[in-house]
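Colleague: I'd like to go through this one with you and ask how each label was earned. Could you put it up first?

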Amino acid sequence: MTNYKGVWAFARLNTMRIAVYPGSFDPVTLGHMDIIERSSKLFDKLIVGVLVNSSKVPLFSAEERVNMIKGVVSEYANVEVRSFDGLLVEFARLCKATAVVRGLRAVTDFEYELQMSQTNHIIAPDIDTIFLTTNLNYAYLSSSVVKEVARYGGDISKFVAPEVRRQVLEKYNR
Ligand code: COA
């Protein structure tokens with residue numbers, strides 16, 4: 001007897017539009033969350049990829065960043081969070097993703113993002129990069145800004161979710 005349920009599940013997996021949203025997320029900000037929320041509506045599945053090895057020295061370990069993001073995206077049923085090491089396009093392939101999502105905050109982001117997306121496309125022509133312009137409210141925001149303000153005792157509640165704020169303040173013993 002044909003297992004229609006299995007066939008349907010296989011067919012669906014093959015037609016699912018999967019995207020990866022990569023970054024350092026050290027920590028995840030409301031700007032990142034805005035991109036996650038919007039791109040989760042554009043794809044069947046969105047995988048947030050937390051970069052493990054980076055030239056940056058992170059405040060939070062990869063595991064802490066993954067758990068932190070899981071905590072703030074739990075309301076989105078089609079969003080998964082994983083860490084990755086190595087080439088982004090290899091991670092995207094592993095996830096069966098056909099697109100990479102990046103947020104563009106300002107013109108200054110453009111040159112770097114263009115170079116990255118073109119390089120990725122040469123390495124992996126089957127994977128495209130989709131850019132979402134960041135919500136104007138978060139155009140100025142970066143993870144470094146959050147850490148800088150927190151380190152000097154400033155209020156970061158307009159930049160990050162309450163649970164993320166708690167964890168950042170804990171790192172600075174505040
Ligand atoms: N809201 C708020 N901040 C945002 C943001 C948004 N929507 N979009 C980006 N930012 C900020 C980040 O907080 C981060 O701030 P910081 O520099 O203060 O930490 C900064 O912009 C950089 O963004 P991020 O998305 O974390 O990029 P990255 O440069 O750290 O990493 C990767 C980008 C992971 C995509 C890239 O390094 C990569 O692909 N690495 C794997 C290796 C690889 O494949 N290399 C070949 C690519 S050519």
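Modeller: What follows is a chat about the cores, a pocket and a few single residues. This is a predicted model, where local features need pLDDT of at least 70, side-chain atom pairs count only at pLDDT 80 or more, and totals for chains, interfaces and linings use all residues. Residues are numbered from 1 along each chain as its sequence is written, and side-chain values use heavy atoms, with hydrogens and water left out.

Colleague: Why is Ser 24 called buried or exposed, whichever it is?

Modeller: Buried means under 20% relative accessible area, exposed over 50%, and partly exposed in between, with a 1.4 Å probe and protein chains only. Ser 24 has 18%, so it is buried. Its place is the loop between S1 and H2; helices (H or I, at least four residues) and strands (E, at least two) are DSSP runs, numbered from the N terminus. Leaving aside residues up to four places away in sequence, Ser 24 touches Val 50, Lys 56 and Arg 65, where contact means heavy atoms within 4.5 Å.

Colleague: And what makes Asp 44 buried, exposed or partly exposed?

Modeller: Its relative accessible area is 26%, so Asp 44 counts as partly exposed. Asp 44 sits in the loop between H2 and S2.

Colleague: Which backbone nitrogen does the Asp 44 side chain reach?

Modeller: That of Arg 17, at 2.7 Å. A polar contact is a pair of N or O atoms within 3.5 Å; within protein, one must be able to donate a hydrogen and the other to accept it, and residues adjacent in sequence count only if both atoms are side-chain atoms. Beyond four places in sequence, Asp 44 touches Thr 15, Met 16, Arg 17 and Asn 78.

Colleague: How do you know whether Ser 74 and Thr 134 are buried or exposed?

Modeller: Ser 74 comes out at 62%, so it is exposed, while Thr 134 has 11% and is therefore buried. Ser 74 is in the loop between H3 and S3, and Thr 134 is in the loop between strand S5 (128-133) and H6.

Colleague: What makes a set of residues a nonpolar core?

Modeller: They must be buried Ala, Val, Leu, Ile, Met, Phe, Trp, Tyr and Cys residues joined through side-chain atoms within 4.5 Å. The largest such core here has 36 residues, and Val 28, Ile 36, Ile 69, Val 73, Val 101, Ile 156 and Val 164 touch the most other members. Among the elements that each supply at least two residues are strand S1 (18-23), helix H2 (30-42) and helix H3 (62-73). H3 gives the most, five residues. Apart from this core lies another, of 14 residues, including Phe 84 and Cys 95.

Colleague: How many residues line the largest pocket?

Modeller: There are 36, with Gly 23, Ser 24, Lys 56, Arg 102 and Tyr 112 nearest its centre. On a 1 Å grid over the protein atoms alone, a pocket is an open set of points where a 1.4 Å probe fits, with protein on both sides within 12 Å along at least five of seven lines; lining residues have an atom within 4 Å of a point. Helix H5 supplies the largest share of the lining, eight residues.

Colleague: What is the lining by class?

Modeller: It has 13 nonpolar, 16 polar and seven charged residues. Ala, Val, Leu, Ile, Met, Phe, Trp, Tyr, Cys and Pro count as nonpolar, Asp, Glu, Lys and Arg as charged, and the others, Gly among them, as polar.
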